[in-house]
Every structure is written in C-alpha cells, then in structure tokens.
Amino acid sequence: MSINDATPRRVLVVANETVASDTLHAAVREQVHDDGDGQVLVVAPALNSRLRYWVSDDDAARAVAELRLDQCLGRLAAAGIRAEGMVGDADPVQAIDDALRAFPANSLVIATHPEGRSNWLARDLVVRASARFGLPITHIVVDAGKTRVETLASSRLASTPGTVAA
C-alpha cells in the first residue's frame, strides 16, 4: 500500500442547478464508497446576474444556492455519505480555489449543463480547472430539459479528459 492509498478519499463537488442530478450523486457515491472513509465537500457557486454582481447584491443568489446545497447534502447523507457544503464565489474557478484551501481534495467532480446551455462550458471551466489544479476530474453533464439524459466525462489524468455515456 502506497502513502496515496492510505490517504482518505476527499472529493470536491462543484455544481449549482445540476446539484440534484442522479448521475452526480451516483458518481460521488462510487468515489467515496470505494474507500469507505471518504469525505465530500459540495460547493454551490452563488450565480448572479451581471447587474446584481456589479452592485454587489448577491443575497438572492446565495439563498438559492443554499437551498440547492441543502437538498444535495440531504440526499448524500441518506446514501450514507459524509458530506459538508458551502456556497461559493460566483466564479466557479475561484469557488474551487477557495474550497481547496480549506478542503485539500484528491479529486474533483464538476456538474454542468450541456454545451449551448452551460456558461461554465462556454468559459472552458473543466479545461481551466484541470490545468490550474491538476486533480483528476469527473465531469457530469446534466440536461434537465430532456428525460434522463446525463453524460459522464471522466479524467483520470487531470490533463486528458475523456468521455463516456452514463
């Protein structure tokens, strides 16, 4: 057993509207139950309109993110997963950076809407997070507008994301 094998599994999850996804919850369960002693931190960025961002009015965005976060944590707890949560910065890369300072994760799960609907994908969040943080990334794509259409894109090496259907 190497030192890395003895390290408890610490998974950082970043999601907002996609936080209720069944595929997201399954991916988290798979990562921590492999270890049995895993810990999870779920970050829900407080997404806001540009106008509200510029006038520093983020109360409503934080309240909505907190509600989604509470629902996600309840589901994870019901599945026997030890998880904590926090509302993060509106910029998901900054939210990840802030979370990693307090919670040194050894993997990252990012849940987004599909291309065309996702501001995070339009801004290359997965690629930027991979380059900046060097963690293995599991990318969940959730299309809430279609019945049961969710895709899992996974990267075992932080620099080479791959795609598989879930």
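A residue is called buried when its relative accessible area is under 20%, exposed when that area is over 50%, and partly exposed in between. These legends use the three words in that sense for a predicted model.

**View 1. Asp-124, a residue in the loop between two helices.** Asp-124 is found between helix 6 (119-122) and helix 7 (125-133). Its relative accessibility is 44%, and because partly exposed covers the range between under 20% and over 50%, Asp-124 counts as partly exposed. The backbone of Asp-124 also deserves attention, since the residue has a positive phi of about 55 degrees although it is not a glycine.

**View 2. The protein chain as a whole.** The protein chain holds seven helices and seven strands, and when it is read along the sequence these follow the pattern α-β-α-β-α-α-β-α-β-α-α-β-β-β. Of the 166 residues in the protein chain, 43% are buried. Among the contacts with a separation of 6 or more, 68% are made by residues 24 or more positions apart. A search for aromatic pairs through the whole structure finds zero, but a charged side chain does sit over a ring, for Arg-10 lies over the face of Phe-103, at 4.0 Å from the ring centre.

**View 3. Helix 2 and the residue that caps it.** Helix 2 covers residues 22-33, and at 1.5 Å a residue its twelve residues should span 16 Å, which agrees with the 16 Å that separates its end C-alpha atoms. At the N-terminal end, Ser-21 acts as a cap, with a side-chain oxygen 3.2 Å from the backbone nitrogen of Thr-23. Thr-23 is itself one of the buried residues of helix 2, and the others are Leu-24, His-25, Ala-27, Val-28, Gln-31 and Val-32. When looking at such a list, it helps to recall that an α-helix has 3.6 residues a turn, so residues three or four places apart point the same way.

**View 4. Strand 2 between its two partners.** Strand 2 (residues 39-45) has six of its seven residues buried, so it is largely enclosed by the rest of the structure. Strand 1 (residues 10-14) runs parallel to strand 2 and is joined to it by five bridges, and within this pairing Val-14 has Val-43 of strand 2 as its bridge partner. Strand 2 also runs parallel to strand 3 (residues 83-88), to which six bridges join it, and here the bridge partner of Val-40 is Ala-83 in strand 3.

**View 5. Strand 5, covered on both faces.** In strand 5 (residues 137-143), seven of the seven residues are buried, so the strand is largely enclosed by the rest of the structure. In a regular strand the side chains alternate between the two faces of the sheet. In strand 5, one side carries Ile-137, His-139, Val-141 and Asp-143, while the other carries Thr-138, Ile-140 and Val-142, and both faces are covered. Strand 5 pairs with strand 4 (residues 107-112) in the parallel sense over five bridges, and Ile-140 is the bridge partner of Ala-111.

**View 6. Helix 5 and what its buried residues pack against.** At the start of helix 5 (residues 92-102), a side-chain oxygen of Asp-91 reaches to within 3.0 Å of the backbone nitrogen of Val-93. The buried residues of this helix are Pro-92, Val-93, Ala-95, Ile-96, Asp-97, Ala-99 and Leu-100. The partners against which these buried residues pack are strand 1, strand 2, strand 3, strand 4, helix 6 and helix 7.

**View 7. Ala-15, a buried loop residue.** Ala-15 lies in the loop between strand 1 and helix 2, and with a relative accessible area of 0% it is buried. Residues up to four places away in sequence are not counted here, and beyond them Ala-15 touches Leu-24, Val-43, Ala-44, Pro-45, Ala-111 and Trp-120. Ala-111 stands 96 residues from Ala-15 along the chain, but the C-alpha atoms of the two are separated by 5.0 Å.

**View 8. Ser-118, in the loop between strand 4 and helix 6.** Ser-118 has its place in this loop, and at 6% relative accessibility it counts as buried. A polar atom of the Ser-118 side chain lies 3.3 Å from the backbone nitrogen of Trp-120. Leaving aside neighbours within four places in sequence, Ser-118 is in contact with Thr-112 and His-113. The C-alpha atoms of Ser-118 and Val-142, which are 24 residues apart along the chain, are separated by 9.9 Å.

How values were computed:
Residues numbered from 1 in each chain as written. Predicted model: local features only at pLDDT ≥ 70, side-chain atom pairs only at ≥ 80, totals over all residues. Heavy atoms only, no water. Helix = DSSP H or I, 4+ residues; strand = E, 2+ residues; numbered from the N terminus. Buried < 20%, exposed > 50% of the residue type's maximum accessible area, 1.4 Å probe, protein only. Expected span 1.5 Å × (residues − 1). Polar contact = N/O pair within 3.5 Å; in protein donor to acceptor, adjacent residues only side chain to side chain. Phe/Tyr/Trp six-rings, centres within 6.5 Å; stacked < 30°, edge-to-face > 60°. Lys NZ or Arg CZ within 6 Å of the ring centre and 35° of its normal. Pairing = 2+ DSSP bridges. Contact = heavy atoms within 4.5 Å.
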